[in-house]
Structure formats: structure tokens, C-alpha cells
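Q: I have a model open and want to learn how to read its sheets and cores. Can we go through them step by step?

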Amino acid sequence: MKSADRIYFGGDYNPDQWDEQTLEEDMRLFRKAGVSLLTLPVFSWARLEPDEGVYDFAWLDRILERISANGIRFCLATPTSAQPAWLSTRYPEVLPVDIQGRKRTHGMRVFFCVNSLKYRERAGAMAHEFARRYARHPALAMWHVANEYGTSCYCPTCQARFRLFLKKRYGSLEELNRRWHTAFWGRILTSFEEICLPTELNDDYRFNPAVQLDYMRFLTDSTLECFRNEYDILKSYNPDIPVMTNMSGFIRKLDQFRFTQAMDIVGWDNYPSPGDKPHFVAMKHDIMRGLRHGQSFILTEQSPNQQNWQPYNRLKRPGEVRRLSYQALAHGADTCLFFQMRQSIAGQEKFHGAIISHAGREDTRVFREAAGLGHELEKLGSRFLEGRVEARVAVLMDWNSWWALELSSGPSRDLNYLRALSFCYRPLHDRNIPVDFLLPQAGMDLSPYALVLAPMLYMVRPGVAECVDAYVREGGHFLATVMTGLADENDRCVFGAYPGPFRDTLGIWVEETDALRPEEKNGLRMGDSLYTCGFLCDLIHVTHAKVLATYTEDFYRGMPAITRNIRGRGEAWYIGTRPEEACMDALMDRLLRHAGVHPPFRAAPGVEITRRVREEGTLFVINHNDHEAWADLGEETRTSLLDGRTVSGIIRLPAGDVGVFTDDRKDKPC
Ligand code: GLA
Ligand code: ZN
């Protein structure tokens, strides 16, 4: 795979909507904004194959020539997420059936049955046409397969394929009955033909979560087959061009650790909701970087202004797009791409922001800001591309645990995995401590980390707890929280008390878990300090651990809430509730001290500092505040890569501003 020589700047361009004059004007504006990459033609299947096997690529050829003549490269997208009407009409099996059993009509996009062989055949044929024509085009930078996969389907084909999937997974019906624990409620199956897709909504607890879990796995694998179908074809024409797909915002449906192993590079669309805190966005980038073991990723989309699909589509404030873009780069993105380049004149997304708005002018705030950013990124060249973020703290994260936790009926309706992750991530982000996200699996290498966290790691795969225990004994630091270690891969709870396989490591056992209403609180006594806690309260017994905090209220007053166990040369901490933030901060400071992890920089609250390292280091400093704020960059003399100034020690950043600096420290992660 060739490395890029610049931070690609540009995004989704849908030129089949525009006339000659508009296209020419687009090129002028793109040059003006420093655009270096366009993604197209994401949804143009119907234009490219007006009838089965009849192709019309002439218009696309002309557009691609125009783009490359303007010095812009392209990310070519197979248009296979929006099948043409003739395909849905001629082969209705292509259309999905929804969870309520309704056959859906044509008209949406990303709206096909992922198990339809006809869909795969026609999508494959399209991928061949694409690759045959463009795989050696000098301006082709990367391939983009389809768009934001993630359609569920409950059609007869999916039903049949689900049964096959289960046969392969479990071998025999006895094993399936055992693993699904069908003895409960007398749901025993006597033939694979009796297996039904879980066509009840998640909030209806009458469907066995074990079946739903396997459906999610099945959906991931079926979708992956669609991706692979095209991937293999594209690769066969030119193995050097990277192939990816853009993953939707933050999609729970598809196991992205599994999905992305089939890509050359991760691509994801970042659409923060108004009000999302900077640490929440940063965490999502870090997760994306974790999917392929720290490899940098493609930021495939973000909006240059407001969206159209939020309940209230807030304008992005001046400077916000720049800040979000640098935040993505700081956490591992190698590109800065937008949806979309020109705002469509009609259709579902006519009010979605674009670099060129309906006004069609260059003297707009959004265009000016985009162009400013485009030229600024040009100056940065390629120095940090493919650069890594060096972290000594890891968070264990598993899509399977996410599914199982949120499919669970009880103990609380407020179980939310991303919130649980961000609850532990926030104090680390506040201290500018880099974090890696890892898939917990047997044989994982935890040795690079001084601290490993397992927030609500509800479902534990075989071999994971053993790995964690060995890591702790050898001197590692481990933190688990309430709702960790409850179930196996089939959502069968452990006997012998929670946190199941982590019991010995943590030196505790949990007898019961109380669920509090949102307005209810308990208290925590930690040393001389008092805090509040809520949400869930584990009633803990210590076997070997020391008690760090106890509850102050209710019948379990005085029982342990937070514990610390010394095991071998390491320590294992447990938080059996959701403490208030101040308590989390105090705990994290202490835990980090014990683990020997020190915040690498001091800075005012709301200032984010991140480092990426390739041959040289690059330091990103982002002021998320609406006021000036300081950061202490240490003794090193650094050059600002944005304006050439030399700085050291304390710098002041204006409200909402960004700094990018050289960083010489090569082998000194925090
Ligand atoms: C997604 C899609 C785009 C567009 C944007 C709008 O990310 O991939 O085609 O619909 O959302 O926000
Ligand atoms: Zn189907």
C-alpha cells in the first residue's frame, strides 16, 4: 500500500446532479479551497447501469478526467449501496424484510438484503466494471465500497442462512439448546428448521437474548460477505490500492472489530450530536484507531456545517469544523473529508451542510472556513500520516459485550455501554493521557500497558480473564467496574458470584446489585472524603482486596463499594457503582500514580493535547473553550507547524484555537 503524500482534503461529491457550467465552477472552487481528494460516485448505480448488464461510464470518465486535470485525486466508491429500481423490481428478493415482517419498498438507500445472492451478483458485476476501468488510473488514491453498511433483514433467505450459520457455529442441536439455554421457558428446539429470526424489538424482553446476540453476529458476517465480495474483485485488478468502506457514525449493529479486519484501513463518518463533549468525540476516534491495532484511519465524512437529520440542526460555530478536524487528526485520522462538497438542490438531504451551499458563492462563512483549513492542512504535508499514538493505558472494548449489555433485561434500563466507556475515559482525556482501545481476547498482549480498564465488560470471552490475571501478577494495573464479568459468549451468567472469572484477580465477590432510579443517590465514604454515587450499587464482599470506599446509606451502608487488590506484583481495582465525577477524578489520580502513568502535559481544563509519532513527533493542542486558555508544553523548543513561530513552556491559545507543533521526544510516552 502506498503512503499518501498529503492529508487528503475534500469529500463526497455527487456530480451526476450538475450541469457542465456547475461542474466547471466546482473545479474552480475546489482549487480555491485546496481540495485534494473527491469521493465519488457513491450512489450512482442507476446512472452507471441503466439496465441489467448495460453500462454507461462515459459521463463518469469525463468527470474523472476533469477532476484529475485539476490536480485532484479520487477515492472511487462502488455505488452499490443504492441499487437501481430495475434491480429491486425485477428481483424483489433484493429488498429487505423488516423486523415486523413487512417487505419494504424500493426508494431508500442502503436498503437491500445482505444475504441476497442476486444483490451480490450484481454488486460484484459493478465492482468488476469499476476495477476494469479505473484500477490503474493514476489519480486513484483509494477504493470505497458501498456506503455505511448496516441494514437488518428478516426475509426467508436470511432465515435459511441464519439456520446454516448456527449449524456451523454449534455443530449439533444439543449444543445449540445448551448454549442458548432453551430449557428456560421451554423453548427447546427439536430441529434446526424450527429456529426463527429474533423478530421482536429489543425492548421486548420475550426473546431470548442469546438468539439476538447470534443474530447480530450473523448480520455482521453476512454484511462482511457483501464487503468481501467487492473487496476481492477490486484487489484482483490492483493490489496496491487500499480498499475500505465508511462506517456509520457509531453503529452498534455491526461488530466493527470483526468487520474492519477485512479492510485495508478503517474509514469512519464522524457526526457528533450538538452537545457532545470533546472527550466523547475523542474517545470514538480512539476506538476507531484501536480497531486495527493502532493503525491510522480515514475520516471519510464529517459535516462542514449543520446536519439535516438531527431534531434541531445547530449550525457549527465559527472555528468548530477546524477544531473537530484537528481533533480527528490528533487521534489518528490521516484525512479530512466532508459530506458534502456541493449542497444538493432537492431530495432527502437538501438542508444538509456542504462546502458549497445553495447560495453557490465563495464568500460564505462555511466556504471561507473550509478553504482556510484546506490550505492550512496543505502546509502540514505528510509528517504525521500513519503516525501512531503511543499509549500506556488501554481500555478493553467488545461489540459483543455492548450488544449483550444493552439487550439485557435488568438490572437497569439505563445500561449504556458507550456511556460506561466514556465515564472511565473522561478523566484520562482530561489529563491528556493517551488511551488505546483493545479487543479483549485470549492471547492479547497487555504488556505495553501500565494500566488496563474494563468498564462494564459484561460478556467475557474464554481466555480473557486468564490473560488479565497474568498481566496483573506480572505487575500490571487493572480496573473493572460494575457489570463486568457476568456472562459468557451466549449470555449465560456465571455461577459462583460476579465478577465471574475476574473474582480472584479482584479479590472480591458481588452478592447483589441494586438499581437506583435516576433521581436516587447513595453516598460513598472514601478516606476522609464523602461523595455521591448512583445508577447501580454492587453489594461487595472482599476476600483478599482492601476496601477503598464504602456506601453511606441504605441497608448496605458500610459495605464495600470500591476495592483494591494487590496480586503478585500488580493491583486490581474494582468500582461497584457509578461515583460522581469528582470521586472518579480522585480515584483515577491515585490509580495512575500507582501504575506510574503521569500526565504528559499540564494544561487548563478544556485544552486537549495529543501526540502522534512517525519518524518525528507532532503535537496537537486544541482549546475547546470559548475563552483563551494555557498549556505548558515543557522545556523543549518547538516550532509551530502552522505559522513557523518558536515556542516553549507555557503558551496561550485564543478561544477555540488550535496549535500544531514539532515534538522531538521519540521514545518517551507518558
Ligand atoms: C452519512 C452518509 C452520507 C450522508 C451523511 C449525512 O454519513 O454516508 O451519504 O447521508 O450521512 O450526514
Ligand atoms: Zn434478507
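Q: In what order do the three strands of the open sheet lie?
A: Keep in mind that this is a predicted model. The order is β22-β23-β28, and the pairing is antiparallel.

Q: Which strands are the edge strands?
A: Look for strands that pair on one side only. Here these are β22 (607-613) and β28 (658-663). From one strand to the next, the twist averages 20°.

Q: Over how many bridges do β23 and β28 pair?
A: Strand β23 (residues 617-623) pairs with β28 over six bridges, in the antiparallel sense. For a register point, take T618: T662 in β28 stands opposite.

Q: Which helix packs on the sheet?
A: Helix α11 (residues 320-331) does, and it touches β22, β23 and β28. The direction of α11 makes about 145° with that of β23.

Q: What is Y326 in contact with, leaving aside its neighbours within four places in sequence?
A: Y326 contacts L373, E376, L377 and L380. The list continues with F620, I622, L642, V658 and V660.

Q: Which residues have the most contacts inside the largest nonpolar core?
A: A core is read as buried nonpolar residues joined through side-chain atoms within 4.5 Å. The largest one has 211 residues, and W143 and Y326 have the most contacts inside it. Helix α8 (residues 209-237) gives the largest share, 13 residues.

Q: Why does this core lie between domain 1 and domain 2?
A: Domain 1 (393-595) and domain 2 (602-663) both give residues to this core, so it lies between them.

Q: Which residues does the second, separate core include?
A: That core has 13 residues, among them F601, A629, L633 and V647.

Conventions: Residues numbered from 1 in each chain as written. Chains lettered and ligands numbered in written order. Predicted model: local features only at pLDDT ≥ 70, side-chain atom pairs only at ≥ 80, totals over all residues. Heavy atoms only, no water. Buried < 20%, exposed > 50% of the residue type's maximum accessible area, 1.4 Å probe, protein only. Helix = DSSP H or I, 4+ residues; strand = E, 2+ residues; numbered from the N terminus. Domains from an automatic or database assignment. Contact = heavy atoms within 4.5 Å. Pairing = 2+ DSSP bridges. Axes fitted to C-alpha atoms, helices over the stretch in contact; angles between N-to-C directions.
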